[in-house]
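Trainee: Got a minute to walk me through this one? I'd like to start with the aromatic rings.

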Amino acid sequence: MKIVIAPDSFKGSASSIGIAAAIQKGIQKVCPHAKFDLVPIADGGEGTCEAVMASAAGEWIARRVTGPLGAPVDARYCMLKDHTAVIEMAAASGLTLVPHDELDPMRATSFGTGELIRDALERDTRRLIIGIGGSATNDGGAGMLQALGGSLRDGEGRELGFGGGELSKLYALDLSKLDPRIKECDITIACDVTNPLLGPKGASAVYGPQKGAAAEQVRILDQNLAHFARIVREATGIDAADREGAGAAGGLGYGLLVFLGASLKRGIDTMLDLAGFDGRIRDADLVITGEGRIDAQSAFGKVPAGVAARVKRAGEIPVVAFAGGIGEGAEKLHDLGVDAMVSIVDGAMELKTAMERALELTERCAERTMRLLLAGTKLSR
């Protein structure tokens, strides 16, 4: 019997690598001779590079870059053997790099993400995949552009400073020194966010508050991004503010679309393709996936839904999803190909306790679930 294990991380609790290993350990107590293929998955947010490195051959590239508030941070990305670089913007410009009481999207910059992109280009990268979840920024990708050679100047010819708060000063855009290697690289944005750049569903209104923006700052940031988009449109002829995903990562999606000619693809599909997932499930007898919480939102581009869709396309292979919690609307996943959902929590306990014991609970859940499956289907050990 071959079992493919392809979970997401349990956010704030355990990595996808740890969860996959715990599932295998639990099943081995029941099926010691089963064959396993562990395919830890991420959807483009934090943990993406670790999941890619666990599923595909490559190497880590570490660099010191400019952090969200300008101080240097140590970041890394992965380079695969086929000259594909995978970058998490969160590694250089992420929310977790800023103490909660210092969050400031008016000042936060995507410059460090641009530095990682530039470093990848210097390594003969042919394909670049950028996961843009977990950002601390709201600068429309302005910082990234500056790191790659673009210039944003005010009315007196001075280069703009960092952050979305500076964009109101923008007078002229100069792309003449933009890194020419960008045109030779196929660039994909791994992202499930469909928000436009501006308005009530835009970057500032929807995501600004979680990055520390007060109500008045949200209004200013949205206004500044609108000004930025207007100057960009006048300079390039490109109008991308309303495109799906333009509002992702504080507008970094917009910057990547406009300045780097990137294409946007669902994060889960990008990661499954990188892992060669379709080929790995062809001879599988069972696929197990999961995430920290399964509810109505899980149907929209989350890992369990993406995994199940690929499996059902391949044939009649049963799919089981584990979760720390199962909420309202989770049943939608049945229509997408998840045959059963199981909570790893096996008794009354506080959320904090469950999160601390996630790996132990997952292992026990995997053993328990496998015994039930064997009882019900008479699968050979």
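Mentor: Start with the rule. Rings of Phe, Tyr and Trp (its six-membered ring) pair if their centres lie within 6.5 Å; planes under 30 degrees apart count as stacked, over 60 as edge-to-face and the rest as tilted.

Trainee: How many aromatic pairs does that rule give?

Mentor: Three. One of them is Phe111 with Phe162, a tilted pair with 5.3 Å centre to centre and 45° between the planes.

Trainee: Hang on, is this model predicted or experimental, and what gets counted?

Mentor: The model is predicted: local features need pLDDT of at least 70, side-chain atom pairs count only at pLDDT 80 or more, and totals for chains, interfaces and linings use all residues. Residues are numbered from 1 along each chain as its sequence is written, and side-chain values use heavy atoms, without hydrogens and water.

Trainee: Back to the pairs. Where do Phe111 and Phe162 lie?

Mentor: Phe111 is in helix 4 (residues 111-121), and Phe162 is in the loop between strand 7 (151-153) and strand 8 (172-174), so the pair ties together parts 51 residues apart in sequence. Helices (H or I, at least four residues) and strands (E, at least two) are DSSP runs, numbered from the N terminus.

Trainee: Is Phe111 buried or exposed?

Mentor: Buried, at 16% relative accessibility. Phe162 has 33% and counts as partly exposed. The cut-offs: buried is under 20% relative accessible area, exposed over 50%, partly exposed in between (1.4 Å probe, protein chains only).

Trainee: What about Phe228 and Tyr254?

Mentor: They pair edge-to-face, 6.0 Å centre to centre with 65° between the planes. Phe228 lies in helix 7 (residues 215-236) and Tyr254 in helix 8 (residues 252-259), so parts 26 residues apart in sequence are tied together. Phe228 has a relative accessible area of 0% and is buried. Tyr254 is buried too, at 1%. Phe228, Tyr254 and Phe259 form one aromatic cluster.

Trainee: New topic. What is the strand order in the open sheet of five strands?

Mentor: The order is 2-1-11-12-13, with parallel pairing. Two strands pair if DSSP finds at least two bridges between them.

Trainee: Which strands stand at the edges?

Mentor: Strand 2 (35-38) and strand 13 (340-343). Each has a single partner strand, so one side of each is left without a neighbour in the sheet.

Trainee: And how many bridges join strand 1 to strand 2?

Mentor: Four, and the two strands run parallel. Lys2 stands opposite Lys35 in strand 2.

Trainee: Last one. How much of the protein is buried?

Mentor: Buried residues make up 56% of the 381 residues. The protein has 14 helices and 13 strands.
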